[in-house]
Amino acid sequence: MGRLDRYIFSTAAVAFLGVVVVLAGMIWATQALRQLDLVTSQGQTILAFIAITSLTMPTLVLVIAPAALFIATAYTLLKLNGDSEIVVMAAAGMGPWRLLRPLIVLAILVSLFCSSLAVHVVPASLTNFREQVTKVRADVVSFVAQPGRFVNLTQGLVFHVRERSANGVMRGIFINDAREKEVSTYLADRGQIVESKAGIFLVLENGSIHRRGGDMWRTEAAPQPTPEEARAAARAKLAAQKTDQSTPAAAQPPAGDQKQGRSESKAANSSVVEFQRYAFDLSSLAPDTKGVDIKPMERPLSYVMSPPPEDMYVRFFPGRYREELHKRLSAGLYPMAFFAIAAAALAQPRTTRQSRGAALTAIIPAMGLVQIGNFAIAGQLKANAAAVPLIYALPIVTVIICAMILQGWIRIAPPAALTALGAAIRARFARRAAA
C-alpha cells in the first residue's frame, strides 16, 4: 500500500473508529441505566456494573458499524473533493476505482469484522451477559449483607446487619419476618451465610427469637355427650328447676359467680426463645436458575444450524432459528452495500462550482431504504422461508447497481426542473449575501 493509499485509508479508518466509539458510547450509556439496579439494590460494586453492561457492547457495535462505515466513506470522499484532491488525481490519470482501492480494503475489513461479531462474538457475549446477571441476582450474600441498611429481602422480610468483616462474618443481625400470621423477630450477635446442597442458610449465633401473634395456646374441645347422657342431663336439669323454685332467693348464687367460668383469662400471645445457634433458611430468596429460557440469538452457530427437536423454539416457534441463522450469515454483506452507496455518489471528481448537496441528499435516503428493506425482510424470515434469498439479494444487488453507476454504465441525474429550482435558490441567496 503506497503513501496515497495509506493517507486515504488512515483518514477513513480514523473517521470510522471515531463514529463507532462515539455512537456506541452514547447508546451504551442509555442502555446501561436499565441495569442500574445491580448497584442500587443488589449490593454490587460499580466495577461489576461496568463489566456486566460492557458485555452488550458487541451487539451495539454490530448495529452501528455499517452506518459508521457509510459516514466514514462519505466524510473521506467529501474531504478529498473539498480540497480538490480527487480532481488532481483524476487529472493525473487516476480513475475512481484506483481512488477507492484503500476504501474497498477498509470496507472488506469492516465486513469481515461484522461477520465475526454476528457469528461468534455477539452470541457468546449475550450468553455471558445472561449468566452474569443471573449470578448477580442469585448472589444472596451481597444482597443480604449490606451493612447499615434495612434491606427488604422480600414482602414482609426485613434484614439489617451492623457490620460485615472481610471473612464474611456479620455482626449485629436483625431480621423481622412478617410473611406468616405469626411475626418473628430474630436478634443475633453474629452470623454467617452457608451454602450447601440442602440450600442457603444464615447461621445465627448467640441470639433470640421474639414471636408474637397467632394462637400460642390451644384448648381441646369438650367431648360430645351420648344420647343416653343427654337425656339423663335433661332429666337432672328439670329436677334442679323444681328444686330451685322451692329455694329462697338469698340462697341462689350471686350474678358474678354465674359469669365466672364462662370466660377464661387470655395470656399475651408472645414468646421469647434464646438460642446459641440457629439456621435461618434463605433458599427461597435465590432465583431458580433451572429451565432458563435461552433465546436463539444466544446460541452458537452450530446449534442454530441444527437445533435439536426437543428445543422449545423448534416446537413452538420453528421460524426463529431460520431467522437467526440468515441474519447472522448476511450481516457481513450490508457494510459493503452502505459503502457502495456512498462511493457511487461521491467518488466522481467535482469542481468547487459543482454542488455536492444533491449527491448527499440522494445517498442518505438510499441508505435508509436499504436498512428498512433489511428489517422488513428479516421480519419475514420467521414466517416465510421464501424470504431467505431476499436478505442476501438486497445488499448484493445494491453493490452491483452502485458499481455500474461508478463505472458509468448507469447515469442518474436529478430532473431538469429540480436542477433549475436549486440553481435559482442558490442564485437568490448569493444575491442577498452580496447585497
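Two strands count as paired here when DSSP finds at least two bridges between them. Everything below comes from a predicted model.

**View 1. The six-stranded sheet, strand by strand.** Go across this open sheet and you meet the strands in the order β1-β2-β3-β4-β5-β6, with antiparallel pairing. β1 (150-154) and β6 (270-281) are the edge strands; each has a single partner, so one side of each has no neighbour in the sheet. From one strand to the next, the twist averages 25 degrees.

**View 2. The β1-β2 hairpin.** Four bridges hold β1 against strand β2 (residues 157-164) in the antiparallel sense. Follow the rungs: F150 has H160 in β2 as its bridge partner, and V151 sits opposite F159 in β2. Two residues lie between the strands, and G156 in the turn has a positive phi of about 90 degrees.

**View 3. The β2-β3 hairpin.** On to the next pair: β2 and strand β3 (residues 170-177) run antiparallel and are joined by seven bridges. F159 shows up again here, with I175 as its bridge partner in β3. Five residues separate the strands in this hairpin, and G168 takes a positive phi near 90 degrees.

**View 4. Helix α1, end to end.** How far apart should the ends of α1 be, at 1.5 Å a residue? Its 30 residues should span 44 Å, and the end C-alpha atoms are 42 Å apart, which agrees. Plenty of α1 is tucked away: its buried residues include D5, I8, T11, F16, V19, V20, W28 and A32.

**View 5. F16 and the largest nonpolar core.** This core has 56 residues, and F16 and L77 are the ones with the most contacts inside it. Which elements give two or more residues to this core? They are α1 (3-32), α4 (57-82), α5 (85-91), α6 (96-137), α13 (334-346), α14 (357-381) and α15 (388-407). Zoom in on F16 and, leaving aside residues up to four places away in sequence, you find it touching A65, A68, L69, A72 and V110. There is also a second, separate core of 18 residues, with V161, A188, I193 and L282 among them.

**View 6. The buried side of α3.** Which residues are buried in helix α3 (residues 46-53)? F49, I52 and T53 are. They cover an arc of only 90 degrees around the axis, so they end up on the same side of α3.

Key. Residues are numbered from 1 along each chain as its sequence is written. This is a predicted model: local features need pLDDT of at least 70, side-chain atom pairs count only at pLDDT 80 or more; totals for chains, interfaces and linings use all residues. Side-chain values use heavy atoms; hydrogens and water are left out. A nonpolar core is a set of buried Ala, Val, Leu, Ile, Met, Phe, Trp, Tyr and Cys residues joined through side-chain atoms within 4.5 Å. Buried means under 20% relative accessible area, exposed over 50%, partly exposed in between (1.4 Å probe, protein chains only). Contact means heavy atoms within 4.5 Å. Axes are lines fitted to C-alpha atoms, for helices over the stretch in contact, and angles run from 0 to 180 degrees between N-to-C directions. The arc is that of the directions from the helix axis to the C-beta atoms. The expected span of a helix is 1.5 Å times one less than its number of residues.
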